[in-house]
Amino acid sequence: MPEDTPAESAEFGGAEGDESTALDSVMAERHRLLSLAFRMMGTLADAEDVVQETYVRWYRLEPEERDSIAVPAAWLMRVASRISLDLLGSARARREMYVGQWLPEPVPADLFADTAKAPLNSGSFAADPLDRVTLDDAVSMALLTVLEAMTPAERVTFVLHDVFGVPFDEIAGVVGRSAAATRQLATSARRHVRRGRRARVSPHQHDEVVRAFRDATVGGDIEDLLRVLAPDVELRVDGGGFVNAAPQVIHGSNHVARWFQGVMRKQPGLRLERRETADGLGYILQDEERRYGMVTFDVSGECVTNVWIMLNPMKLTNWPRD
């Protein structure tokens, strides 16, 4: 990947401030950069690597080079996007060798709240509304799993345009394509998103269905559990090779219900403690001694359609036990 130069920042143009203002704006961008990189990479550890490398490249610049950058925040976003694009190829190769199911990292509902909507000090970041997907769940497990099915260029384009509102002619410089080709990448990415989405439900309805799932699981009545599971429900468990986990996707309401009943029988002290996640209501799995994992849900209509269980301790750092 070529090094980014101050001249390239003109594509993300804007007004130049004084030196102290520029430094403040650079330091203030860390959370937004982490939010961007998380959507690109799917885990906080990988996102932190992207942000760290972005700042390394900033501080490698000569002072006069930094001074010549009109909008440091825009330069940082461009560099973080290019680093993410480069890393996504190697990340995909690593995930092909992953032990069992690989899932994105579940995060609390408020971890990246409004970071995509926060204004950048650049007039060129006006949102291009053409064909954008309406997103209320830009860090949900439901969306992040769809992003995993995209090519790196599709994913970077989708996140920059549909989540952060960056125009296509500016994204073209990040992905190394023409603006027209970049628009086609976004169209292809949106097809992935629309295929991966069922009928949306309100947050209230989502949480009502999830509570019914929890009550049926704890109560142990398989008929109650079957009623709240869609016939084609899928269960994925990410243990990362650290803990025993179902190595394959579990399909169908009967198999998923019996899997949960087996878990509750083997661990009678297991509790499901509620947490607000980017997908809505979810549960920490824990007993008196330890936290086991995090379970999140996708809901359509009055049924759970996807269950995601994170057991990999490396992806549970934002979920302390009670």
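A residue is taken here as buried when its relative accessible area is under 20%. By that criterion, buried residues account for 52% of the 322 residues in this protein, whose model is a predicted one. The chain is built from twelve helices and six strands. Of the contacts between residues at least 6 apart in sequence, 71% link residues at least 24 apart.

A good place to begin the tour is the sheet. The six strands form an open sheet with mixed pairing, in the order S2-S1-S6-S5-S4-S3. At its edges lie strand S2 (250–251) and strand S3 (271–277), each of which pairs on one side only. Strands in a sheet are held to their partners by backbone hydrogen bonds, in either a parallel or an antiparallel arrangement.

Starting from the S3 edge, seven bridges connect S3 to S4, and the two strands run antiparallel. Here glutamate 276 has leucine 281 of S4 as its bridge partner. Strand S4 (residues 280–286) is in turn paired with S5 through four bridges, again in the antiparallel sense. These two strands make a hairpin with four residues between them, and glutamine 286 sits opposite arginine 291 of S5.

The next step across the sheet leads from S5 to strand S6 (residues 303–310), an antiparallel pairing with seven bridges. Among the bridged residues are valine 299, whose partner in S6 is valine 304, and threonine 296, which is matched with tryptophan 308 of S6. S5 and S6 also form a hairpin, this one with two residues between the strands; in the turn, glycine 301 adopts a positive phi of about 65 degrees.

On its other side, S6 meets S1, and here the sense is parallel, with six bridges joining the two strands. Valine 237 is one of the residues involved, with isoleucine 309 of S6 as its bridge partner.

How enclosed are these strands? In strand S5 (residues 291–300), eight of the ten residues are buried, so the strand is largely enclosed by the rest of the structure. S6 is mostly covered as well, with seven of its eight residues buried.

Two helices can be followed across the sheet. Helix H10 (residues 203–219) lies across strand S1 (229–238), S3, S4, S5 and S6, and runs at about 25 degrees to S4. Helix H12 (residues 253–266) lies across S1, S2, S3 and S6, and its angle to S1 is about 50 degrees.

Away from the strands, a helix pair also deserves a look. Two packed helices are described by the angle and the distance between their axes. For helix H5 (residues 72–96) and helix H7 (residues 152–163), the axes come within 9 Å and cross at roughly 140 degrees. Because angles count as roughly antiparallel when over 145 degrees, H5 is classed as oblique to H7. The crossing of these two helices is right-handed. On the H5 side, the contact involves Met77, Ser81, Leu85, Leu88, Gly89, Arg92 and Arg95, while H7 contributes Pro152, Ala153, Arg155, Val156 and Leu160. Sorted by class, this contact between H5 and H7 holds seven nonpolar, two polar and three charged residues.

Technical notes
Residues numbered from 1 in each chain as written. Predicted model: local features only at pLDDT ≥ 70, side-chain atom pairs only at ≥ 80, totals over all residues. Heavy atoms only, no water. Axes fitted to C-alpha atoms, helices over the stretch in contact; angles between N-to-C directions. Parallel < 35°, antiparallel > 145°, perpendicular 65-115°, else oblique. Left-handed = near helix turned anticlockwise from the far one by under 90°. Contact = heavy atoms within 4.5 Å. Nonpolar A, V, L, I, M, F, W, Y, C, P; charged D, E, K, R; others polar. Buried < 20%, exposed > 50% of the residue type's maximum accessible area, 1.4 Å probe, protein only. Pairing = 2+ DSSP bridges.
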